[in-house]
Amino acid sequence: MEFNLQINFASMRVSALPGDSLLKILRGLGFYGVKHGCESGECGACTVLLDGRPVNACLILAAQAEGHSIQTIESIGKHPEQGWRVTEGLHAIQQAFVETGAIQCGYCTPAQVLAAKELLDRNLSPNEAEVRQVLSGILCRCTGYIKPVQAVLRAAAVMRGEQVDPVDGGESAIPVPPDWLPLGPTAGETGPFVGTRDVVTSRTQVMPQIQIAPETEGWQRVGKPERKVDAVKLVQGKPAFAADFDPRGMLIAKVLHSPIAHARIKRIDTRRARELAGVAAVLTWQDIPRVVYSTAGQSDPIPGPLDSFSLDNKVRFVGDRVAFVAAENEAIAEEALRRIDVEYEPLPTLFDPAASMGAGAPLLHDEPEFVNFADSDPSHNLAAQIRIDIGDVEQGFSEADTIFEGEYEVPKVQQAHIEPHVVITYWDEDDRLVIRSSTQVPFHTRRILAPVLGLPIKRIRVIKPRIGGGFGGKQEILIEDVAAHLTIATGRPVLYEYTREEEFIAARSRHPMHIRMKTGVKKDGTITANSMYALSDTGAYGCHALTVTGNTGHKGMALYVGDGQYRSKPNIRFYADIVYTNHPPAGAYRGYGVPQGYWAVERHMEKIVRELGLNPLEFRLKNAVRAGELHPFSTAWSEGREPRPETIETNGLVECVRQGKAAIGWDQKFENQEWHQVPGKPALRKGIGVALVMQGTAIPYLDMGAASIKMNDDGSFNLLVGATDLGTGSDTVLAQMAAEVLGVPVEDMITYSSDTDFTPFDVGAYASSTTYISGAAVARAAQIVSERIRTRAAHIFNERGDGLPVKPEEVRLADRMAALPDGRSVSLTEIAHHALHFTDQEQIMGTASYMSPVSPPPFAAQFAEVSVDVETGQVVVDKLVMAVDSGVIVNPITAAGQIEGGMTQALGYAVCEEMRYDESGNARERDLRSYHIFQAHEMPELETIFIETFEPSHPFGVKAVAEIPMDGVAPAVANAVLDACGAQIDDNPVLPEKVWRALRTIV
Ligand code: FES
Ligand code: FES
């Protein structure tokens, strides 16, 4: 059918099938600013304005939009500089999003801007609750909503004609003196609320508080709240993402997923599917080579078993792959799936991890191609096994006055990035296979897929465009092989994109674990020995099995070493069995095993504290590892490499506790009986809780990143990095580091990441490594370039002959100039021009790489304040505070965004997120309605405090920031619930029913 649509004030003739959604038609017309994350009305990414009102374009038939005015993000704002053409610049809302750092991955941003526009078009003076209400229909998994809310309020002020303070581009962050303490709560600020947040109590400040390291004094770019280098394109909804690309003749791929949890495929008949008009290929295990590999995107050799095939004659979970289809459109591909006839021979299933290891259990991996790694043992369904003893644990227990034992449970949860997994593959003009993928690991993708596809590495090019969130979920080679096999089969471009349901049934998740703790403690609170056993469910495949659970111990059990004699000789045990079951595979998820560990450790510590009548903060700090001490696990375990001793150089934990407890008002609230009561609400009890945590920064002797910097004619630079910015802001912070060395503004760095053909190698975005590892590579490359520039500057000065002879080391770079102490100077533009066009011509360029021998841990104190309804068990988290030592903060706005977003994800882990399965292994949660992630109007107050230390192993003193906010929120919330009402919740999340039941057991 054909009809007219009024899109962005222009009439367009469109042709559509009767069932085509407005979303499909708009994207088909090239309005790629309209995103999608569910296509069932839950995520809001597809928001457009219909007659000025926000609607979900996925829920409206294109034909229904006839006669209405449709407005997409493409109609709003322009880049302020477009050559000779004068533009109106960005819309005030877009400008505010850019200035406040409201954009992380940017996938939800166009929808948020349009929703905000509708609000401000009708109400130029909204309050915070109204802004949150409007944004509540658009899920954001990155930001924690603070900065988007602030952006809308700021835009409103600008549109009202008010003067607003600069929030970025200023000369400094918010410095605070070393003895600074935040004011803490004021009267009325902590007013409780139940359910959604209709009473606004949060302070949406853009800039975090920072206690600045003195070593950074005088820096021009590092440490400053620079605008994100990609913000302008993202706020305009430019086609930056993997699916915003439509090569001619592209086919749509679909996968037939197994409906049963464990079965042999006896027979598979694809004839009826192949006969369907519009079907280009149907592939089963009989059609493609049988190559065993691991889907985990990790360095070589993969630290885990090789146990996967693109397609196999056996299925091992509900959602496993059975067949691939490529067709002219989605409807045909789906019909083809329905026409594939499969006869399954059901096999016994395993859903209980403990039973999986038992004698006589059915085996999930009996294939002869299985390749062991370390202690994997498929004959006992063991994907990995860990046995670490540090010191003499039994001796330590014997020296304790009391032994505390406890058992803890953590659920399977998922990353829930709003952009689904998506890939487009095609043959280029040289018959090289191009894989355009939303991946965190482009170089690992190329290496791992080469043998699977039967291509040499040199015939594969992986392009990583903008990523719409990943959080570890895209550290998996999950869908690229599907599209690639189909491109090889058909010779045509192929798009494969997970539906939201596929994200839930077939993508990776956080490992669920059952954890046992045993801790020996002296009367004075000294820990004498600490032991953890983790039974981890990796699901059907062992991707990340060893390393995720290894980190549960490596980071989770490293913090509390004990005091006195135990500091130098701690007694720590970490054992783990990581077992196969018929659940969907777990994998990498932000925090990478560490949140599971800290749930058990910090719940357990709280019980010890309360049992012994100790102060929770003093007990923790008394036993926590300190600067100058050995990382206890550094001699015991590393991720697939030989462990080597590592001393912890910096640890700001004491200051984190001091500042964090002031911000949450600990001293006024803890053990204050009056505060626990809520006047006028007899069923409510308030509580306060804490967790201390540590993470790591990259994997020592393993993670490597590289960077190239090239000088252009005008003195600007191309910065090419293999690192992958998945919304974290890494492109920006890497540019800041290069700009600092080269003495230029960040806008002179043109950052590109990443493309295996053009950018140097990088392991990718994981293990909190990018700012540290790739940043050090950038600093080195910039140093090489700066030496070339200073040499040429000296040459120019000497050519001029207007002063004393000059040596390169006398030249300083700043403000786009090369300058001498005597006042002479030459601009970088002149230097570049001289190098490229005049004397001894050369391309000034530098490439460097970096691999770290250490993994300096960031530390944090995380606090939670809750209100518990003791009649219903409902828990409302009122406030979260995180005081964190992540070394030097390169960009306070992007780093604060990481903390806020991470705390919000962790909040879901604490109180509502959980993936459950029925007795046949069918997922109960299959959409974003049943799997609830926090919305803008449900958020508690969030507060971030950076306690800078200067990590000496890095040129800019940085440590990791991205993962640590995941670690302590859940136990801090559960400890606060305990404080509020006495309910001990040992299995995460803290659901009302569990609290209600626990309250009924308290006598
Ligand atoms: S794609 Fe329309 S609401 Fe998610
Ligand atoms: S910035 Fe909102 S989903 Fe990434």
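A charge sits over a ring if NZ of Lys or CZ of Arg is within 6 Å of the ring centre and within 35 degrees of the ring normal. With that in hand, here are some exercises.

This is a predicted model, in which local features need pLDDT of at least 70, side-chain atom pairs count only at pLDDT 80 or more, and totals for chains, interfaces and linings use all residues. Residues are numbered from 1 along each chain as its sequence is written, chains are lettered from A and ligands numbered from 1 in the order in which they are written, and side-chain values use heavy atoms, with hydrogens and water left out.

**Exercise 1. Charges over rings**

Find the ring that arginine 510 lies over, and the ring under the charged end of lysine 518.

Solution. Start at arginine 510: it lies over the face of tyrosine 909, and the distance to the ring centre is 5.2 Å. Then go to lysine 518, whose charged end sits over the ring of phenylalanine 397, 4.6 Å from its centre.

**Exercise 2. A pair of rings**

Describe how the rings of phenylalanine 504 and tyrosine 931 are placed, and say which parts of the chain they link.

Solution. Step one is the rule: rings of Phe, Tyr and Trp (its six-membered ring) pair if their centres lie within 6.5 Å, and planes under 30 degrees apart count as stacked, over 60 as edge-to-face and the rest as tilted. The structure holds twelve aromatic pairs. In this one, the ring centres of phenylalanine 504 and tyrosine 931 are 5.3 Å apart and the planes stand at 55°, so the pair is tilted.

Step two is the location. Helices (H or I, at least four residues) and strands (E, at least two) are DSSP runs, numbered from the N terminus. The pair links distant parts of the chain, 427 residues apart: phenylalanine 504 is in helix H13 (residues 500-506), while tyrosine 931 is in the loop between helix H24 (892-911) and strand S32 (941-947).

Step three is burial: buried means under 20% relative accessible area, exposed over 50%, and partly exposed in between (1.4 Å probe, protein chains only). Both phenylalanine 504 and tyrosine 931 are buried.

For a look elsewhere, ring pairs also link Trp219, Phe950 and Phe956 into a cluster.

**Exercise 3. Two helices that cross**

Work out how helix H2 (residues 92-100) and helix H5 (residues 146-159) cross.

Solution. Axes are lines fitted to C-alpha atoms, for helices over the stretch in contact, and angles run from 0 to 180 degrees between N-to-C directions. The axes of H2 and H5 come within 8 Å and cross at roughly 135°. Angles under 35 degrees count as roughly parallel, over 145 as roughly antiparallel, 65 to 115 as roughly perpendicular and the rest as oblique. H2 and H5 are therefore oblique to each other.

Next, look at who touches whom, where contact means heavy atoms within 4.5 Å. On H2 the contact residues include Ala92, Ile93 and Phe97, and on H5 they include Ala151, Ala155 and Met159.

**Exercise 4. Two methionines**

Is methionine 517 buried or exposed, and which class does methionine 159 fall into?

Solution. Take methionine 517 first: it lies in strand S19 (residues 513-521) and is buried, with a relative accessible area of 2%. Beyond its neighbours within four places in sequence, its contacts include Phe404, Tyr408, Met532 and His604.

Methionine 159 lies in helix H5 and counts as partly exposed, at 30% relative accessibility. Leaving aside neighbours within four places in sequence, methionine 159 is in contact with His91, Ala92, Ile93, Leu120 and Leu124. The C-alpha atoms of methionine 159 and leucine 120 are separated by 8.6 Å, with their positions 39 residues apart along the chain.

**Exercise 5. Unusual backbone**

Most residues other than glycine have a negative phi, and most peptide bonds are trans. Where are proline 301 and asparagine 381 found?

Solution. Proline 301 is in the loop between strand S9 (279-283) and strand S10 (314-315). A cis peptide bond joins aspartate 300 to proline 301, with omega about -5°. The bond from asparagine 988 to proline 989 is also cis, with omega near 0°.

Asparagine 381 lies in the loop between helix H9 (353-356) and strand S13 (382-390). Its phi is positive, about 55°, although asparagine 381 is not a glycine. Asparagine 381 is buried, at a relative accessible area of 0%.
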